[in-house]
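User: I am new to reading protein structures. Could you take me through one, feature by feature?

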Amino acid sequence: MRRLTSPLTRLHLHRCICSSATNQSHHQQLSLLSLSKPHLFTSPFSLSLYSRSFSTQPNEQETTTAQSLSSELVKELDAESLSIPQRLDLSFSHITLTPTLILTTLNISPDAGRTALGLFKWVKSKESFNLDDEVVSYFVDYFGRRKDFKAANDVVIEGLGIAGRKTLESMVDRLVRAGRPTQTVAFFENMEKDYGLVRDLDSLKLVVAKLCEHGFASYAEKMVKSLASEFFPDEYICDMLIRGWCIDGKLDGAQRLAGEMYRGGFEIGTSAYNGILDCVCKLCRKKDPFRLQNEAENVLLEMEEKGVPRDVETFNVLITNLCKIRKTEDALNLFYKMGEWGCNPDETTFLTLIRSLYQAARVDRMKSAGFGDALDKKAYYDFLKILCGIERIDHAMSVFAKMKEYGCKPGLDIQHLSLTNSNILKSFV
C-alpha cells in the first residue's frame, strides 16, 4: 500500500474525519455502525471446508511428549536399527495418543522426512487410538508441505476406508500449492477407484475452488466441461470459474466465460462480479489508475442491469483499490454509503481504512462494531509501523495503549519497534 506522505493530504483527511462528528449527514451514516454484527460474506476461496486449528492447545505434558517423539524420529538409523514402529513401541508404549499430540509432533519435526511414515504406521497399529480422517489428513499435509507426494500417496492408501473429506482437501490443497494442476485433475478422476474417496459434486467443487484460487482456471474449466454429463455445474461452480480467471489476471477469459454462461441460461452471482470488479481495478491500477473509477462504475452498472446485488465484499474491493491509488477520501465516502445498499462494514473494511487513514480512533469504532477479534498482533504491528514511519508518535502511543487495554500482548516485532521509539517504550512500564 502506498503511504500518504504529503502533510497537506494527511491534514485534509484528518479534517474530513474530525468534521464527520458535527456533519449531520455523516452522523446519520455512522449510526449504521451501532447495528448488530452482520452476517459476514465468505468468498468461495477464503472458505475452508474444515479448520486445522484446535479448540484446545497442547498442554505441557503433550508438548514434552511431542518433543520426545520428534527426537526419536530424527535420530540417524543404521542397518541394524529397529524399525520406527518398533522403536516407538519400546519407548512410548505407555503414552496416550491424541490428535493434538500427533499434530504437534509433526509440526516440530520438519526434518524427520519419510521417517514420519513410520510414525503413521505406529499410530495406526495402536488399538487404543481411533485413527480417523482428520489424523490421516495431518500426515498428508506434512508430506505435501515437503512436496513428497509419493509418501502422501502411501498414507492415503494405508488409510483406505478411513480417509475421507479432510484427507481429500489436504491432498488437493497441497498438490495445487505445489503447482501440479494436471496431477490434481488426475487424482480426482481416479480417487474413487484407487483410494475409496467419494467422487461427487461436492468434491468436484472443492477441486475446482482450489484450482481457481491458485490461478489454474483453465484446468478447472476444462475439467468442469469434460465432466458436465456426470456432474452438471451449478451457479457456485460458474462463479468460481469466473473468479479463477480474474485471480489469474485474465479479464478476457472471465468475460468470455461469463458470456457463455449467460447464453447457456446460467445466472452470474455477486461473487463472480466481485471477482471481475477486483480484476478490473487491479488492471487499471497497473496500466492507468485514472480510469479505475470509471471502469469500476461500468461493472457496477452492469450488475444493476442484471439485477445482481452488491454485498460487503463489493465495497471492500472498491475501498481497497481506491486506498491503493491514494483515493482515500473517495474510499471513505463509499464507507459512509454502504448502508444505502443494505451493507454493513466488516473487519476487512475497518482494517483497510485504518491502515490508509492512520486514525487511532478507528480502532475504538471497529471494536464497538463487533470486529475487535480481527485486531491481532499483526494488525497492531502494521498500524504502529506506519505511524512511526511518518513520525506520528502520539497516534502510535494511543494505538499501543489501546492494544494493551484490549488484552493483546505485544509480540517481539512490536517490542523491537518500540526500542527505536522511546515514547512508545515508556508505555511498556
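Analyst: What follows goes from the whole chain to single residues. Keep in mind that this is a predicted model.

User: Where do I begin? How many helices and strands are in the chain?

Analyst: Begin with the secondary structure. The chain has 24 helices and 0 strands.

User: What share of the residues in the chain is buried?

Analyst: A residue is called buried when its relative accessible area is under 20%. Of the 429 residues in the chain, 49% are buried. The surface that the chain exposes comes to about 21,700 Å², and carbon and sulfur atoms supply 50% of that area.

User: How do I read contacts along the sequence? What percentage join residues at least 24 apart?

Analyst: Take the contacts between residues at least 6 apart in sequence; 70% of these join residues at least 24 apart.

User: Which residues does the "repeat: PPR" annotation cover?

Analyst: An annotation comes from a record, and it may be inferred rather than shown by experiment. The unreviewed UniProt entry places "repeat: PPR" on residues 234-268, 311-345 and 376-410. The coordinates can then be read over such a span. Residues 234-268 are 74% helix and 0% strand, and their end C-alpha atoms are 10 Å apart. For residues 311-345 the helix share is 66%, again with 0% strand, and the end C-alpha atoms lie 10 Å apart.

User: Which residues have the most contacts inside the largest nonpolar core?

Analyst: Trp122, Phe187, Leu241 and Ile242 have the most contacts inside this core, which has 105 residues. Helix H15, residues 270-287, gives the most to the core, with 8 residues. To see the surroundings of one member, look at Trp122. Beyond its neighbours up to four places away in sequence, Trp122 touches Leu69, Pro85, Leu88, Asp89, Phe92, Ile95 and Leu97.

User: How do I read a single helix? What does H9 reach from its first C-alpha to its last?

Analyst: Compare its reach with the value expected at 1.5 Å a residue. Helix H9, residues 165-177, has 13 residues and reaches 18 Å, close to the 18 Å expected. Next, look at its cover: 10 of the 13 residues of H9 are buried, among them Leu168, Met171, Val172 and Leu175. The buried residues of H9 pack against helices H7 (133-145), H8 (149-158), H10 (181-195) and H11 (201-213). Just after H9 comes Gly179, with a positive phi of about 75°.

User: Which residues are buried in H14?

Analyst: An α-helix has 3.6 residues a turn, so residues three or four places apart point the same way. In H14 the buried residues are Leu251, Gly253, Ala254, Leu257, Ala258, Gly259 and Met261. Their cover includes helix H12 (217-226), helix H13 (235-247) and H15. H14 spans residues 251-263 and reaches 18 Å, close to the 18 Å expected. Gly265 follows H14 and has a positive phi, near 90°.

User: Is Asn321 buried or exposed?

Analyst: Compare the relative accessibility with the cut-off: Asn321 counts as buried because its value is 2%, and buried means under 20%. Asn321 lies in helix H17, residues 312-324. Its side chain makes a polar contact of 2.7 Å with the side chain of Arg285. Apart from neighbours up to four places away in sequence, Asn321 touches Asp278, Cys281, Lys282, Arg285 and Leu292.

User: And Leu318: what is it in contact with?

Analyst: Leu318 is also placed in helix H17 and is buried, at 7% relative accessibility. Leaving aside neighbours within four places, Leu318 is in contact with Leu277, Cys281, Ala296, Leu300 and Leu334. Leu318 and Leu334 are 16 residues apart in sequence, and their C-alpha atoms are 8.2 Å apart.

User: Which backbone oxygen lies 2.9 Å from a polar atom of the Arg87 side chain?

Analyst: That backbone oxygen belongs to Glu72. Arg87 sits in helix H4, residues 84-92, and counts as buried at 10% relative accessibility.

User: Where is Arg326 found?

Analyst: Arg326 is in the loop between H17 and helix H18 (328-337). Arg326 is not a glycine, yet its phi is positive, about 65°. Arg326 counts as partly exposed, at 47% relative accessibility. Lys147, in the loop between H7 and H8, has a positive phi near 60°.

Definitions and conventions:
Residues are numbered from 1 along each chain as its sequence is written. This is a predicted model: local features need pLDDT of at least 70, side-chain atom pairs count only at pLDDT 80 or more; totals for chains, interfaces and linings use all residues. Side-chain values use heavy atoms; hydrogens and water are left out. Helices (H or I, at least four residues) and strands (E, at least two) are DSSP runs, numbered from the N terminus. A nonpolar core is a set of buried Ala, Val, Leu, Ile, Met, Phe, Trp, Tyr and Cys residues joined through side-chain atoms within 4.5 Å. Buried means under 20% relative accessible area, exposed over 50%, partly exposed in between (1.4 Å probe, protein chains only). Contact means heavy atoms within 4.5 Å. A polar contact is a pair of N or O atoms within 3.5 Å; within protein, one must be able to donate a hydrogen and the other to accept it, and residues adjacent in sequence count only if both atoms are side-chain atoms. The expected span of a helix is 1.5 Å times one less than its number of residues. Accessible areas come from the Shrake-Rupley method with a 1.4 Å probe; for residues, only the protein chains shown count as cover.
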